[in-house]
Amino acid sequence: MQIQVIQAKKKTPVKRRVCVYARVSSNSAEQESSYYQQVTFLTEYIRNQPNWELTEVYADQGISGYKDKRPEFQRMLTDARAGKFDLVVVKSISRFARNTETVLKATRELKAQGIGVIFHLQNINTLESTGELFITIMSAFAQGESDNCRTRMQYAYRSKYEQGIATTSAKYTYGFQPGPDGNIAIVEKEAEVVRMIFDWAAQGVWIARIRATLNRKHIPSPSGGQWDDTGVKRTLHNVMYKGDIWLRKRYINDDRKRCENRGEVDCWYITNNHPAIVSPEKFDRVQYILEERWDKLNTPREPFNGELGNSHNRYPLSGKLFCPYCGALLIHKWGKHRTREYWACSTNLKKSKAACKGIFLPASETVGWDIDEPVVALSYKDDFGRKRYTAFPFDEYEMMKTEGMNT
């Protein structure tokens with residue numbers, strides 16, 4: 001009997017597709033160096049593994065590890081769901097995430113897809129049986145370290161606030177810069193824009209109109225681009241422009257989210273802290289105008305009770321307003337659901353737009369009009385593109401038209 005040995009075929013090892021994830025929490029020069037060190041070390045480490053091949057480098061720069069919505073972190077998870085790699089290599093747990101919940105949630109999701117995460121510094125592989133236990137312990141330490149650092153920073157800021165020392169960023173608010181003595185100084189070119197915005201607001205110009213006018217005049221925003229409504233609104237509400245400063249107006253909550261401080265934590269308000277760009281009186285007047293407008297917009301209109309009565313008793317201007325185009329009488333009207341009240345040309349309403357394009361005069365524009373003779377209502381646009389209304393005595397307007405035709 002002859003026995004022949006048939007040797008098993010040697011399988012060519014399949015290379016594992018490996019990616020890198022790196023993160024630094026700020027854009028400082030020191031952190032930028034750390035960022036490049038992470039990427040360089042990990043890519044070289046992967047290339048030295050015989051059965052590994054580098055597929056992608058995911059790197060978030062200047063983003064806290066407490067945030068789940070890091071662009072590159074989320075892109076990595078998306079690519080993992082698409083099966084683009086088999087393994088993730090990270091320098092340490094703290095670079096992956098700073099809170100235990102995020103670390104465990106992400107590594108479990110990857111593990112469910114057969115993708116492991118190797119934390120090089122801690123020598124942990126999530127695909128190994130003891131991986132999750134070690135991750136839980138080490139990520140808890142990383143979170144504790146971050147929380148302690150945050151507490152120390154909060155204490156440092158609080159000490160500065162109690163002494164009336166503003167953060168450095170406050171000195172670079174639009175219209176200001178650090179002066180030669182280190183205090184807040186005015187940048188006159190930008191201050192002129194701020195004064196212009198407050199002047200317009202004090203005249204009752206709406207925020208949207210201010211924004212449109214600034215952009216039409218090609219005045220750059222603080223970021224150098226076009227103004228938006230939010231930028232104008234923040235300018236009008238910023239107490240720095242009247243020489244005051246509000247320290248800790250916003251704060252970071254336990255979920256690491258920036259919130260408006262509505263009494264949840266201590267804050268400090270300092271008056272006459274630096275040179276003012278607008279007077280306190282003008283600043284306060286603008287705040288009153290903005291608040292009054294907001295209250296008016298949010299005050300529900302009283303429902304119509306159906307009692308009409310005599311129109312001449314209810315509308316003193318009845319029979320006194322006339323159309324500038326056809327000379328017909330203006331009739332008082334209500335819009336749908338009685339949300340708009342106006343005066344309109346009777347020819348336009350009763351015949352057609354072709355007969356007369358007419359004029360539509362909001363009733364709110366006639367408040368204060370003390371008229372005891374027939375007048376012609378006219379509309380025009382001011383420098384901000386707002387439609388304005390005025391009135392001429394009927395006989396005077398007819399004379400103006402005749403003189404205009406003769407010339």
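Select strand E4, residues 116-119, strands being DSSP runs of at least two residues, numbered from the N terminus. Gly116 and Ile118 point to one side, Val117 and Phe119 to the other, and all are buried (under 20% relative accessible area with a 1.4 Å probe, protein chains only). The model is predicted: local features need pLDDT of at least 70 and side-chain atom pairs 80 or more, whereas totals for chains, interfaces and linings use all residues. Residues are numbered from 1 along each chain as its sequence is written, and side-chain values use heavy atoms, without hydrogens and water.

Next, add strand E3, residues 87-90, which pairs with E4 in the parallel sense over four bridges; pairing requires at least two DSSP bridges. Here Val88 stands opposite Val117.

Then add strand E5, residues 124-125, joined to E4 by two bridges in the antiparallel sense. Phe119 has Ile124 as its bridge partner. E4 and E5 form a hairpin with four residues between them.

Within that turn, select Asn123, whose phi is positive, about 55 degrees, although the residue is not a glycine. Most residues other than glycine have a negative phi. Asn123 counts as exposed at 69% relative accessibility, the cut-off being over 50%.

Move to Asn272, in the loop between strand E11 (268-270) and helix H9 (280-297); helices are DSSP runs of H or I with at least four residues. Its phi is also positive, near 50 degrees, and Asn272 is exposed at 68% relative accessible area.

Finish at Glu396 in helix H12, residues 394-406. Glu396 is partly exposed, with a relative accessible area of 39%, a class lying between the buried and exposed cut-offs.
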